[in-house]
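Open the model in your viewer and keep the sequence panel visible. The stops below go from one annotated region to two pockets and then to one strand with its partners.

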Amino acid sequence: MPVRYPRTLRPGDRVGVTSPSSGVPDELRERLAVAVREVEARGYEVVVGRCMDGSGHVSAPAAERAAELTAMLTDPGIRAVVPPWGGETAIDLLPLIDWEAVRAAEPTWVVGYSDMSTVMTPLTLLTGVATVHGNNLMDTPYRVPEGLESWFGIVAAPPGHRFTQIPPQRHRASGWDDWAAHPDARTLTLDVPGRWTRLDGGGDVDVEGRLIGGCVEMLCNLTGTPYLDTSAFARAHAPAGLLVYVEAAGDDAFAICRYLHGLRLAGFFDAANAVLVGRTSAPDTPSLTQHEAVLDALGPLNVPIVADVECGHVPPYLPLVNGARCRVVHTATRSEVTQTLD
């Protein structure tokens with residue numbers, strides 16, 4: 001059964017903006033406006049929903065957020081949905097989304113990361129529709145470093161498009177730009193060198209599979225539910241196996257270790273040919289580092305584990321397409337990710 005790819009975005013198409021999790025506070029509304037203008041400058045029409053309130057931890061009651069997201073995903077006039085960012089509790093949407101309606105509708109691109117994994121990963125697993133784990137709307141004004149791709153390039157690519165991303169070998173040490181003071185920030189601060197790290201041993205990695213994954217702190221809460229059945233997805237769409245990626249947002253190494261053990265015991269990695277682990281600024285503990293936490297939990301898989309990949313909360317952003325066919329190469333002199341939208 002083929003993965004379903006949304007239609008290529010063209011100038012004049014509409015892009016929906018809603019907040020399935022956290023909205024945008026007043027002091028960051030100008031940054032939102034800058035991001036919207038960036039999308040419009042590409043020739044798209046932007047439709048901003050009603051669920052955008054940033055005064056609390058969610059933008060609206062769960063029923064309203066689920067209804068607005070479902071409406072955008074099933075509206076044939078909206079070709080992509082790009083939330084401003086993630087948040088904390090998008091999990092409350094899952095039983096309220098009309099999955100049958102979404103499955104029956106023409107596919108729509110969904111872009112985001114962090115708490116958006118709570119929605120996007122189940123969307124791909126339940127409907128077979130590809131989603132883009134990458135820079136969200138509020139990050140969109142940043143210039144993309146050489147070697148990487150933006151979500152714009154992915155959603156505007158033709159069917160069967162094949163693209164390779166090569167990490168810039170630099171990332172941000174810590175912190176975030178002050179968008180309240182500088183809403184027009186467009187240059188990513190990449191002030192520390194760093195390469196990918198193989199955790200499970202030495203040697204080159206050259207592995208293929210279909211991509212699936214997301215944020216550890218979000219996905220771990222879906223174990224044992226109908227929303228995280230990667231084995232069924234692999235049987236239907238990836239009989240040759242998966243490339244599973246995970247990234248830690250901020251929890252310490254003990255917590256991440258427990259979450260990853262739980263995901264492994266629940267079968268999340270059963271079809272994995274390899275695991276990619278996002279670079280993180282989440283804290284180590286005195287007796288366990290983030291790298292050690294990953295190896296402790298996922299070492300028993302006996303597959304390559306490549307860490308410090310640019311697919312998480314540490315800029316820059318290397319977008320990964322849930323459902324895409326992918327090849328990952330990592331050697332002493334070369335690291336790259338090639339994705340094919342077929």
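Select residues 208–328 and colour them apart from the rest; over this stretch of the predicted model, the chain is 28% helix and 27% strand. Mark the C-alpha atoms at the two ends of the selection: they are 6 Å apart. The range comes from UniProt, where an unreviewed entry lists it as "domain: LD-carboxypeptidase C-terminal".

**The largest pocket**

Next, select Trp85, Gly86, Ser114, Trp176 and His313. Of the 20 residues that line the largest pocket, these lie nearest its centre. The volume of this pocket is about 500 Å³. What classes of residue make up its lining? Eight are nonpolar, eight are polar and four are charged.

**The second largest pocket**

Clear the selection and pick Thr280, Asp284, Gln290, His291 and Asp308. They lie nearest the centre of the second largest pocket, which has 19 lining residues and holds about 210 Å³ of space. Now show the elements that each give two or more residues to this lining: strands E11 (242–247), E12 (272–278) and E13 (305–309), with helices H8 (253–265) and H9 (290–298). Which of these elements gives the most to the lining? It is H9, with three residues. Sorted by class, the lining of the second largest pocket has nine nonpolar, six polar and four charged residues.

**Strand E16 and its partners**

Move on to strand E16, residues 335–340. Is this strand mostly covered or mostly open? It is mostly covered, with six of its six residues buried. In a regular strand, side chains alternate between the two faces of the sheet. To look at the faces of E16 separately, select Ser335, Val337 and Gln339 for one side, then Glu336, Thr338 and Thr340 for the other; both sets are buried.

Add strand E15, residues 325–330, to the view. E15 pairs with E16 in the antiparallel sense over six bridges, and the two form a hairpin with four residues between them. Within this pair, Val328 stands opposite Val337.

Finally, add strand E6, residues 162–165. E6 also runs antiparallel to E16, and four bridges join them. Here Gln165 is the residue that stands opposite Val337. Centre the view on Val337 to end the tour: Val328 of E15 is opposite this residue in one pairing, and Gln165 of E6 is opposite this residue in the other.

Terms used:
Residues are numbered from 1 along each chain as its sequence is written. This is a predicted model: local features need pLDDT of at least 70, side-chain atom pairs count only at pLDDT 80 or more; totals for chains, interfaces and linings use all residues. Side-chain values use heavy atoms; hydrogens and water are left out. UniProt positions are given in the numbering used here, feature names are shortened, and annotations may be inferred rather than shown by experiment. On a 1 Å grid over the protein atoms alone, a cavity is a set of points where a 1.4 Å probe fits but cannot get out, and a pocket is an open set with protein on both sides within 12 Å along at least five of seven lines; lining residues have an atom within 4 Å of a point. Grid points are joined across faces, edges and corners, and a volume is the space filled by probe spheres set on the points. Ala, Val, Leu, Ile, Met, Phe, Trp, Tyr, Cys and Pro count as nonpolar, Asp, Glu, Lys and Arg as charged, and the others, Gly among them, as polar. Buried means under 20% relative accessible area, exposed over 50%, partly exposed in between (1.4 Å probe, protein chains only). Two strands pair if DSSP finds at least two bridges between them.
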